[in-house]
Amino acid sequence: MSDNAEFIFQSPVKLSNDIWKKYKAAVIANPQSVTLLETAFRAISYFSVGRMKDSRLLSELAYSTSNLLVLLNDHILRGTKALQAELTESCNEQRLRQWLAVLEYTEVILEMGFERLGGDTTKWLIVVLIQVTKAIIRLVLLIYFNSGIQQSPPIAPLNRQKLGEVSETVNKMSAQTVTLKRSGRLIRTLQSSPAIHAREWALPKSQHDGPGGPPGGALPQQILLGECLNIGRPLAYLLSMRVLGKNSWKPWFVAALLDISSLHLLLKKQQPNGVETAELRRRRLMLLVYLLRSPFYDQYSKEKVVSAIRAMSCIPFLSLVAEPLLEYLPHWQSCYGYNWAS
């Protein structure tokens, strides 16, 4: 029997395992080529707007696919020996963050798909289920795993330009240290010890030690409360909108008040690490999105934003970006401008 015939008659499980192993090997061997594939899907999401029928659905599908590919390929690369030594989280915490990332990357396409299948009622049911699930996962990470100020996205993409540097750093550190079998204690080897006059007793530092590392110790009450306010804000908005109506200003004010109160409490944290500082900066910038959220957008900022984009469309080359953006703006505002979005 030929090799092709044997390939066809393999069991589905064995066939899928073989494909998965080949794909993993290809990702590990060619991380930069995989990055090009991810970029291609993201480019499709940008340039397909207004070009064909159902372009909005296709654009969101391509964008979600791009993010999921990045998540999958980074997971494969983090599983290599060089990067596995840098992981500081437990397997359960990593798994929760992965599921949270999947929900964040797919929530918009799920919302659009279920709206087409079952109408407005089904769409809102899916929105509530996703937000409740996300809130539960984030609370478990916060309270049980002591995750501190949680970043968005939950798993930061790898810097693949520095993969070689990380591998060299880890290999160098593993050559300088040894783990004792009985106690599991990490000590410096004799060969890597410096001269006596320059000797220090601290272990060699990993590349991820310091400001970018995970927070340690019990969280202060005000930090815990601030993060809980941030986690509960989407659910508070949905509940108030259900009670008071979509066009009411009160849900808008409720969400804004919770965001501002959360930031006020979190900014009091003493010596936040690098990841937390970047996340707090992102959350401050995200307050500007309230200008694009209904009802403020409908009554105040819509005309100014549309006029600015139309002015851009009169400029050569910028019109290539401005015209699709003008067509995509109502969809973006209806999906991403809502107050449950991050």
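The following exercises, each with a worked solution, concern a predicted model of one protein chain.

Residues are numbered from 1 along each chain as its sequence is written, and side-chain values use heavy atoms, with hydrogens and water left out. Because the model is predicted, local features need pLDDT of at least 70 and side-chain atom pairs count only at pLDDT 80 or more, whereas totals for chains, interfaces and linings use all residues.

**Exercise 1. Overall architecture**

State how many helices and strands the chain has, and give the order of its elements.

Solution. Helices (H or I, at least four residues) and strands (E, at least two) are taken as DSSP runs, numbered from the N terminus. On that basis the chain has twelve helices and two strands. Read from the N terminus, the order is α-α-α-α-α-α-α-β-β-α-α-α-α-α.

The next step concerns burial and surface. Buried denotes under 20% relative accessible area, exposed over 50%, and partly exposed in between (1.4 Å probe, protein chains only). Of the 342 residues in the chain, 36% are buried. The exposed area, from the Shrake-Rupley method with a 1.4 Å probe, is about 21,000 Å², of which carbon and sulfur atoms supply 63%.

The last step concerns contacts, that is, heavy atoms within 4.5 Å. Among contacts in the chain with a separation of 6 or more, 73% are between residues 24 or more positions apart.

**Exercise 2. Helix H12**

Compare the span of helix H12 with its expected value, then locate its bend and its cover.

Solution. The expected span of a helix is 1.5 Å times one less than its number of residues. Helix H12 covers residues 319-335, which are 17 residues, so it should span 24 Å. The C-alpha atoms at its ends are 24 Å apart, in agreement with that value.

The bend at a residue is the angle between axes fitted to the seven residues ending there and the seven starting there. H12 bends by about 45° at Tyr328, and Pro330 follows within four residues. Tyr328 is also one of the buried residues of H12, which include Ser319, Ala322, Pro324 and Leu329. Their cover includes helix H4 (55-78), helix H6 (91-143) and helix H11 (296-313).

**Exercise 3. A lysine in helix H6**

Determine whether Lys123 is buried or exposed, and name its contacts.

Solution. Lys123 is located in helix H6. Its relative accessibility is 7%, so Lys123 counts as buried. With neighbours within four places in sequence set aside, Lys123 contacts Glu111, Phe114 and Glu115.

**Exercise 4. Backbone exceptions**

Identify cis peptide bonds and non-glycine residues with a positive phi.

Solution. Most residues other than glycine have a negative phi, and most peptide bonds are trans. One cis bond runs from Ser152 to Pro153, with omega near 0°; Pro153 lies in the loop between H6 and helix H7 (163-176). Another joins Ser294 and Pro295, where omega is about 5°; Pro295 belongs to the loop between helix H10 (274-286) and H11.

As to phi, Asn146 has a positive value of about 55°. Asn146 is in the loop between H6 and H7 and is partly exposed at 23% relative accessibility. Gln271 has a positive phi of about 50°. Gln271 lies in the loop between helix H9 (249-266) and H10 and is exposed at 77% relative accessibility.

**Exercise 5. Aromatic pairs**

Count the aromatic pairs and classify two of them.

Solution. Rings of Phe, Tyr and Trp (its six-membered ring) pair if their centres lie within 6.5 Å; planes under 30 degrees apart count as stacked, over 60 as edge-to-face and the rest as tilted. This rule gives ten aromatic pairs. For Trp249 and Phe253, the ring centres are 5.9 Å apart and the planes stand at 35°, so the pair is tilted. These two residues are four apart in helix H9, and therefore about one helical turn separates them. Trp249 is partly exposed at 23%, as is Phe253 at 49%.

For Trp252 and Tyr290, the centres are 5.7 Å apart and the planes at 90°, so the pair is edge-to-face. This pair links distant parts of the chain, 38 residues apart: Trp252 is in helix H9, and Tyr290 is in the loop between H10 and H11. Trp252 is buried at 11% relative accessibility, and Tyr290 is buried at 5%. Trp249, Phe253, Trp252 and Tyr290 belong to one aromatic cluster that also includes Phe296 and Tyr300.
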